[in-house]
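User: Please take a close look at the aromatic side chains of this model, and describe how the rings are placed relative to one another. Once that part is clear, set it against the helix packing and the chain as a whole.

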Amino acid sequence: MAVAQLSLDLSQPINHHDRLHASPHGAVLYWEARKSENRWTKVMPGDPVAQVISCFAGSPDTYLTVNQFFHWRNVRQLKSLRACYVDIDGMMDLEAALDALHAAKMPAPSFAVYSGRGLHLYWPLSPTPAKALPVWQRVQDAIVAALAPLGADPKARDCARVLRLVGTVNAKNGAEVRGVVLTDAVWTMHELADEVLGTRDRMSKTAARTAPKMPVHQAEMFDFKAGAARKGKASPRTATGSIYDWWHLVYQDLVAICEHHWFGGVAPGHRDQVLFLMAVSLSWFAHTDILEDEIMRTAQTFTPTLLEKEVRDQMAPIIERARAAHAGETVLWRGLQVDPRYRFKADTLREWMGDLIAPELHDQLRCLAPADVIKARKKERDSKRDRVAEGRYQQNREAYLGDVQQRAVSARLMHAQGVSMKEIAAKLDISAKTVSRYLKEAGEVDKSALLI
């Protein structure tokens, strides 16, 4: 496939930054691998970006984060997803990569970076909140799998990844890191997921055979209607999320509880329990390649008094189960083959956390607030929904009640004229039982009428 380049405006660090982070929502981190100290530079919204990163031009082995964070590059502090990416080692043939994507029926990247010894491909996203991480990860895995035959790095799939910065130098061979723009496309997460996941099952046989084994997901992440339609399948019912998304919300709730009760770490007596639940949550949405590191960072933040060896020993079963799930393994539970990762009901989690779920936290918590609070919250949301606009109903409640009242009046009039209940039901297109109810409410029915 011929490579059509819009421009060669990816020659300076600021060009690369603007392609990914033109709309700042969080911190973008730069890493200078060759420096002995002060290796990290954090660029926050409002900072003079061009001035801050101009010093990176021509510097050796300098990298930037693909996504944005609150303060530091880990899953817990992820703030805004900005791109999906692929890191292809030892291969710089962009045409071959585009051909492989075309064969797998996947969209082409918007820009590519020649890293000096490989190729980085980017699919930029409009600013996407961290809660979409489970979907992002699934899309990321699918793209990496499609390009695995060309050497796509199976470990470069996490949201906290740093990649080489355009306009710098690869110190291993002295090559300049440069980029090319293929298209100005910027995807929404839903659009990209629809394009990638809606066609994954049509991946070429060669790619499917040689791709690293990906996790077997037994639950759909979101309602990809267009993708389902292209595959000739009925659109799945609209969902608000999935088990992966739910555990992501559980993790955020646990963080909120910890930050409310403790400064400097969880108090003794709660450490093991809280860290265990946070690690279980991470195992459902953090990529297995970085899971252990994420658990250790979480422990350092919330249970700093636990020794590193204690944390590794206690969390080993969680990591082992996550890796088994990633390899597509299942376990037998109540006669069914299920995902091997730990799972708990919301009621169980609330019971474990007990009094730590303070009343003043209820409004913040999405999953761990008391069940009656969540139920009341849902009831309030439902009361504000316009189901006619959603296409669920053909008329609003007021119009519906008006029609009911009109049918009841018509039923009573026809009954007074001697029309049988069966005939009334047929003419009004309702059941005889409903006709009976209308007449009973008006006191106009007797036992003999019920037999007609």
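Analyst: **Aromatic rings and their setting**

Trp 246 has a relative accessibility of 25% and therefore counts as partly exposed, a value that, like every other one here, comes from a predicted model. Its sequence neighbour Trp 247 counts as buried, because its relative accessibility is 1% and the limit for burial is under 20%. These two residues belong to a wider inventory, since a search of the whole structure finds 14 aromatic pairs. The ring centres of Trp 246 and Trp 247 lie 5.1 Å apart, and their planes stand at 80 degrees, so this pair is classed as edge-to-face. A second pair joins Phe 344 and Trp 352, whose ring centres are 5.0 Å apart and whose planes make 50 degrees, so here the arrangement is tilted. The two labels follow from the plane angles, because an angle over 60 degrees counts as edge-to-face, one under 30 as stacked, and the rest as tilted. Trp 352 is partly exposed, because its relative accessible area is 35%. Beyond these pairs, Trp 31, Trp 40, Tyr 63 and Trp 72 form one aromatic cluster.

Trp 352 also leads to the next region, for the loop between α12 (346-353) and α13 (371-384) is where Pro 370 is placed. Pro 370 is partly exposed, because its relative accessible area is 22%. Setting aside neighbours within four places in sequence, Pro 370 is in contact with Arg 350, Ile 357 and His 362. The C-alpha atoms of Pro 370 and Asp 347 are 8.4 Å apart in space, with the two residues 23 positions apart in sequence.

Gln 140, a residue of helix α4 (residues 133-146), is buried, because its relative accessible area is 0%. When residues up to four places away in sequence are not counted, Gln 140 touches Cys 84, Tyr 85, Ala 156 and Arg 157.

As for helix packing, the axes of α10 (residues 288-302) and α11 (residues 308-326) come within 10 Å and cross at roughly 150 degrees. The two helices are therefore roughly antiparallel to each other, and α10 passes α11 in a right-handed crossing. On the α10 side the contact is made by Thr 288, Leu 291, Glu 292, Ile 295, Met 296 and Ala 299, and on the α11 side by Glu 308, Val 311, Arg 312, Met 315, Ile 319, Ala 322, Arg 323 and His 326. By class, the residues of this contact divide into 8 nonpolar, 2 polar and 4 charged.

Another helix pair is formed by α15 (residues 421-428) and α16 (residues 432-442), which pack at an angle of about 105 degrees with their axes 8 Å apart. These helices are therefore roughly perpendicular to each other. Met 421, Ile 424 and Ala 425 of α15 meet Ala 432, Val 435, Ser 436 and Leu 439 of α16, and the contact has 6 nonpolar, 1 polar and no charged residues.

Taken as a whole, the chain contains 17 helices and 14 strands. It has 452 residues, of which 46% count as buried, Trp 247 being one that is classed in this way. Among the chain's contacts with a separation of 6 or more, residues 24 or more positions apart account for 71%.

Key:
Residues are numbered from 1 along each chain as its sequence is written. This is a predicted model: local features need pLDDT of at least 70, side-chain atom pairs count only at pLDDT 80 or more; totals for chains, interfaces and linings use all residues. Side-chain values use heavy atoms; hydrogens and water are left out. Axes are lines fitted to C-alpha atoms, for helices over the stretch in contact, and angles run from 0 to 180 degrees between N-to-C directions. Helices (H or I, at least four residues) and strands (E, at least two) are DSSP runs, numbered from the N terminus. Angles under 35 degrees count as roughly parallel, over 145 as roughly antiparallel, 65 to 115 as roughly perpendicular and the rest as oblique. A crossing is left-handed if the near helix is turned anticlockwise from the far one by less than a right angle, and right-handed if clockwise. Contact means heavy atoms within 4.5 Å. Ala, Val, Leu, Ile, Met, Phe, Trp, Tyr, Cys and Pro count as nonpolar, Asp, Glu, Lys and Arg as charged, and the others, Gly among them, as polar. Rings of Phe, Tyr and Trp (its six-membered ring) pair if their centres lie within 6.5 Å; planes under 30 degrees apart count as stacked, over 60 as edge-to-face and the rest as tilted. Buried means under 20% relative accessible area, exposed over 50%, partly exposed in between (1.4 Å probe, protein chains only).
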